[in-house]
Amino acid sequence: MNYILITSLIIYLAAFVAISIFDVKKVKDFKDYAVAGMSQNTFAVTMSLLATVIGASTTIGITDTVYSIGFPGIWWLMFGAVGLILQSFVISEKVRSTNAATLPDLAKITAGRTAEIIIAFIIVISWIGVIAGQLAAMSRLITFATGRDGKVIPIIISLIIIFYTLAGGQLSVVRTDKIQFIVIIVGIIICFLYLYIFHGDNNAAVMSGIELINENYRPVNLFTQLFVIGGVYFIGPDIMSRNFISKDKKTARISALTAGLALVIFSVIITLIGMWCRVNISASEISGNTLTYVIKLLPMPIGIVLTLGLLSAILSSTDTCLINASGIFVKDILKKDNVVLVRITVAVIGILAILLAFSGDGDIMSLLSGAYSVYTPGVIFPLTIAVLCHNKRELRKKLWISAVVLGGLFGITSTYLTKITAVATLLGNVASYLPLMGMGVSLVISILSIKKRS
């Protein structure tokens, strides 16, 4: 399987490189490079949106969660679907009508330059860690699937991701997302069917274990994830980046709705794979991730398809994060619409992410990835309020900024300060509710910042 899989990987990745080289000629300006010309149709946007949200956390991560806590692990993706569907009905058209190119650009249009700078720094800093996390997950997958322990192959694949993203920009990301999404779905569905049809002796036990709440997942978890996870899917950086590439506001709305409905179906399938593993595989047998372990149980052709599907899930999230973070750095922090600068930034951020992913220094990666916790409590509600008020009401901008800052401080406290023993002891069980409390504070203050137009 090793040589066949490696050959398949070479052909697969070569196709992405070829696409990016072809797209280089189509890049005429910053708009083409950073937001795919803002001209993508419903099919392209929907496929790209689904490829973006289905990453390592929603494949490998979900099956591990389900194996650990049972069927309630489905709620992560279900609330993601709810967020997308709500976005479709509430803000998709409003956001697209602003003609914003990035999420911080949207913040500038609706809440001013200070808002743009704050949100831009939050995203760029945290996204280095997010990209590194994806690359680390890819490394573990490749090492397990090929049986070759080492960093050479994963680093080469990481460099290929950087290259095709750098060359073709968002145009290449959208094109490769279509291919990657198809491979993801084919791999997951074939795996699901094989497990339940050819190894379905315990299917009844799997179905008897379906429950929406249990001792490992209580109503308070349900309430927290509804806002924290659903909020990110409602107005998160990667999600909204697909809104910006849409050709018009109707396309943005329909794409979000279609992706949300499709995500409901996907969440059931990936959760049931996790449930099959929970019933049929003992904890002592698994070394590593649940879904990567399943590869060993599958016939070689199916194992290769699933491996490519999981790799595609990681690639599709990584390249989107990479081009978005780079575009935000150049446009919103440097205030330049320069393709060359974005390409340089793609290379720099990509190399930094590789160094973090393969340095073995998990604490640094955790620190950078944890910066994203500022976004959820600090940005989601204030930015939503700003979008809904745009062209209707004005904002008291200093008060609005304080909503972002105070909400973000709750996230920082939850992520970093609770690692200090004294602080953790003081806060106790309250620490787990800090992100939700931060969202409540930011919501109240951002509502208070609204005033009538003068």
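This report describes a surface patch, a pocket, the cavities and two backbone features of a predicted model.

**Nonpolar surface patch**

On the surface, Leu-159, Val-340, Ile-344, Val-348, Ile-351, Leu-352 and Leu-355 together make a nonpolar patch of about 610 Å². Helix H16, which covers residues 339–359, gives the most to this patch, with six residues, while Leu-159 is found in helix H9, residues 152–198. The relative accessibility of Leu-159 is 41%, and this residue therefore counts as partly exposed, since that class lies between the limits of 20% for buried and 50% for exposed.

**Pocket and cavity**

The second largest pocket holds about 200 Å³ of space. It is lined by 13 residues, of which Leu-86, Leu-226, Gly-230, Gly-231 and Phe-234 are the closest to its centre. Helix H5 (75–90), helix H11 (219–235) and helix H18 (375–389) each supply at least two residues of this lining, and H11 gives the most, with five residues.

Three cavities of 30 Å³ or more are present in the structure, and the largest cavity has a volume of about 120 Å³. Of the 13 residues that line the largest cavity, Ala-101, Thr-102, Ser-241, Asn-324 and Ile-328 are the closest to its centre. Two or more lining residues come from each of helix H2 (30–35), helix H12 (237–244) and H15, with H15 giving the most, at four residues.

The table sets out the volume of each space and the classes of its lining residues.

| Space | Volume | Nonpolar lining residues | Polar lining residues | Charged lining residues |
|---|---|---|---|---|
| Second largest pocket | about 200 Å³ | nine residues | four residues | no residues |
| Largest cavity | about 120 Å³ | eight residues | five residues | no residues |

The lining of the second largest pocket thus has no charged residues, and the lining of the largest cavity likewise has no charged residues.

**Positive phi angles in loops**

Asn-99 is not a glycine, although its phi is positive, at about 60°, and this residue is placed in the loop between helix H6 (92–97) and helix H7 (103–111). Lys-335 also has a positive phi of about 60° without being a glycine, and its position is in the loop between helix H15 (300–333) and H16. The relative accessible area of Lys-335 is 40%, so this residue is partly exposed. The loop that holds Lys-335 therefore joins two helices already met above, as it runs between H15 and H16: H15 gives the most to the lining of the largest cavity, and H16 gives the most to the nonpolar patch.

Conventions:
Residues numbered from 1 in each chain as written. Predicted model: local features only at pLDDT ≥ 70, side-chain atom pairs only at ≥ 80, totals over all residues. Heavy atoms only, no water. Patch = residues over 30% accessible without salt bridge, like charges linked within 9 Å, V, L, I, M, F, W, Y side chains within 5 Å. Areas by Shrake-Rupley, 256 points an atom, 1.4 Å probe, with all protein chains shown as cover. Salt bridge = Lys/Arg side-chain N within 4 Å of Asp/Glu carboxyl O. Buried < 20%, exposed > 50% of the residue type's maximum accessible area, 1.4 Å probe, protein only. 1 Å grid on protein atoms, 1.4 Å probe; cavity = no way out; pocket = protein on both sides within 12 Å on 5 of 7 lines; lining within 4 Å. Points joined across faces, edges and corners; volume = space filled by probe spheres on them. Nonpolar A, V, L, I, M, F, W, Y, C, P; charged D, E, K, R; others polar.
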